[in-house]
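Colleague: Please examine one part of this assembly closely, and then place that part in the context of the chain around it. A single connected account would be preferable.

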Amino acid sequence: MEIDPVTNGNADAVMTESAPTITPSPPVPSSRLSQLTESLKLEHQLLRVPFEHYRKTIRANHRCFEKEVSSVVSTVGDLADNDWSKDVTVSRLTSLVSRLQGLKRKLEEGSNVENLQAQRCRARIDHLDSADVKNITEWNNTKLKRILVDYMLRMSYFETASKLSESTNISDLVDIDIFREAKKVIDALKNRDVASALAWCAENKTRLKKSKSKFEFQLRLQEFIELVRADTAESYKQAILYARKHLAPWGATHMNELQHVVATLAFKSTTECTKYKILFEIRQWDVLVHQFKQEFCKLYGMTMEPLLNIYLQAGLSALKTPYGFEEGCTKEDPLSQESFRKLARPLPYSKQDHSKLVCYISKEPMDTDNPPQVLPNGYVYSTKALKEMAEKNGGNITCPRTGFVCNYTDLVKAYVS
Amino acid sequence: MDLKSIKDAFDRVANKQKLSYSKTHEIVQMLSQEIDKALSILQEASPFDHRSILADVKKMFTEISPVNQLEAAEKELNVALTKYPKVLEKQLNTDISKAYRNNVEFDTHIVNQIIANFFYRQGMFDIGDCFVAETGESECSTRKSFKEMYQILEAMKGRDLEPALNWAVSNSDKLKQVRSDLELKLRSLHFLEIAEGKNSQEAINYARKHIAVFADSLPETQKLVCSLLWNKNLVKSPYSEFLSPALWDNAVKELTRQYCNLLGESSESPLSITITAGTQTLPVLLKYINVMANKKLDLQNMEQLPVAVALPKEYQFHSVFVCPVSKEQSSDDNPPMMMSCGHVLCKQTINRMSKNGSKSSFKCPYCPTDVDISRCRQLHF
Ligand SMILES: [Zn+2]
């Protein structure tokens, strides 16, 4: 029990203080319950990302099995339709047997991977299920760690991301492996290599087509530009062949862009014509990195922005008041910190639709339990704080902001609704 | 939100996946059995029979039509795979970045510093150091202080009050200024430790030397010293509260609070306050955006949030006065004014009610009092 000078002065106070241990805890207010439910609705990404990963694995495995099976079937058909010797037939069939053996192994492995991923999906549903008004502080702490790991992964701080998720036991709740896959592509693009990005496009062909993505087209355009940039007779020849093979198929949907880029054949990379010059800028590679990140987030059902930024913006706005920027603002307000102030500056202020008063002295809310009292100089403090001050100073009150002195009996109660 | 429908939809996916897997397995098994069978017949058969045997296998394969079977299994699985994300979209907020202001870009250095500071103040020094190294940020100025704080707290966990007392004594002036009773809390714990473990005489000596100075807090010191009468039987005494581990928890809490405060930091991590506030704000904003979907809502440029968000009272750091009549927030130009009856309105409202001072009195909108304008007083919350 806390030693509190006001309440523990006599035995009665001790009695009443220990009373709550006997009475059952009051029911949880429904507003807090609905607030919790609402906040869980923000967790789409948490459930969606591992599912997309799972779905991708299932599809890839299935495609692979289907291919193997149909190739076995057609090999048998081939053997039956042609006039091979017995020896050849036996050796072909034997190799088919070992091929099917291999397929069984692959099936086993594939199923193990799929099960692990399904488990991860379940772990996340269970995590949402575990949120409760009683453990909400702890749950929110975990949430903050998840948000921080998400931020680090998007910024490619992989080492800290792994360390943090391992040390806080949240590995099942974060998507480190998925971001590692993205990192490979991003690193390659930064080295001006489109191969892994193209491989990624091939892997996700159906999904990208469905969302009408033109990322692959942009990669192809960049490869074409690089051939033109090389500026040799051989590279021009290659560029034309490349355009025929890889760019022409996009003509139906992206004719304007296609023409624009292919026309660079007539200009060199040293062109001064701004419309073409921009295509040769090295910055175009950064654009590709950015586009890849967007496609990647979309594919997995992630927000484009780090979760941290989204939550910070909303939270800073809700906390932002003109008072937070004043000198001598209480240190308890995050906006008293210079770093938080800087982030909050361009954001909107919070809106209040009714008064909320906080005692300058005790920082406690001033409400019907602890009503505001007005000093003759117009300064307002809470009844509790003023009473305590009066008891210690023979009934005298000194205004902490102006030094004004008066008596406890001079105070007037204010009614603020 | 209905978590159960999400669970059910996922169970369907997982079941269909198992089904599809066992179907594939079954087919592969069947194919290899057929080929095995054919091979063993081939071993026995005369050199020219193998064509008819192969034709049989081919016929068998056409009958099984494994590829079609696989496709059928996949189709069923696909239905479940398409359904699940739709259930997620229905139950959850698909895109929380709808409430995000795209034209505001955070400075990465500032965000990184906030994160590093967060790790240090939570006592996660390894992670903090790793983060600082990986991001290449300059070292956090608060690291050393938080290290000291955690050393003090660690010692308290082992019931060693020495470092805590040393810190409290060397900062006693500042602690007094903010009316913290940390030193008394620590001395009391120390006294109880002595009283429990050694003889009463030593405890009395300790009380004379260290506790008597807290004459301001007479009730506690009386109780403390009085608890000596029950000596080793505190459980059955009126002072059993002194055995409660909450005393230690409170001392730890108070020390953390005061330590952070003297550092110029809040007692709860500002990052977790902000993120928790964000968690409560986002649903309100998203709901508002959804309702306003058809109206032009310039979220990108507004000066104030379009809706009020009720944050918990511990996140209420300043007094906000909203005039109950005009619903406007008070400001320097439009301060809160108290009428003679004690009700408070903002200045503009009072001006309006008195027709800009042309009337010398008006009726309070909340009680039957006739308000004399000259007696309205400006308030400072
Ligand atoms: Zn009134």
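Modeller: The unreviewed UniProt entry annotates residues 329-402 of chain A as "zinc finger region: RING-Gid-type"; positions follow the numbering used here, feature names are shortened, and such annotations may be inferred rather than shown by experiment. The model is a predicted one, in which local features need pLDDT of at least 70 and side-chain atom pairs count only at pLDDT 80 or more, while totals for chains, interfaces and linings use all residues. Residues are numbered from 1 along each chain as its sequence is written, chains are lettered from A and ligands numbered from 1 in the order in which they are written, and side-chain values use heavy atoms, leaving out hydrogens and water.

In the annotated span of chain A, residues 329-402, helix makes up 23% and strand 18%, and the end C-alpha atoms are 17 Å apart. Helices (H or I, at least four residues) and strands (E, at least two) are DSSP runs numbered from the N terminus. The record also assigns residues 329-402 of chain A the annotation "domain: RING-Gid-type", again from an unreviewed entry.

The part I would examine closely is helix α5 of chain B, residues 125-135. Its buried residues are B:Phe125, B:Ile127, B:Gly128, B:Cys130, B:Phe131, B:Val132 and B:Thr135. Buried means under 20% relative accessible area, exposed over 50%, and partly exposed in between, with a 1.4 Å probe and protein chains only. The cover over these residues comes from both chains: it includes α5 (136-154) and α6 (158-167) of chain A, as well as α4 (108-121) and α6 (143-157) of chain B. Contact here means heavy atoms within 4.5 Å. Just after α5(B), B:Gly136 adopts a positive phi of about 70°.

As for the surrounding chain, chain B contains 14 helices and 5 strands. Its radius of gyration is 37 Å, well over the 21 Å that the globule rule gives for 381 residues, so chain B is more spread out than a compact globule. That radius is taken over C-alpha atoms, and the rule is 2.2 Å times the number of residues to the power 0.38. The C-alpha atoms of chain B fill a box of roughly 115 × 80 × 50 Å along the principal axes. Of the 381 residues of chain B, 49% count as buried.

Elsewhere in chain B, B:Lys327 has a positive phi of about 65° although it is not a glycine. This residue sits in the loop between α13 (270-291) and β1 (336-338) of chain B, and B:Lys327 counts as exposed because its relative accessibility is 53%.
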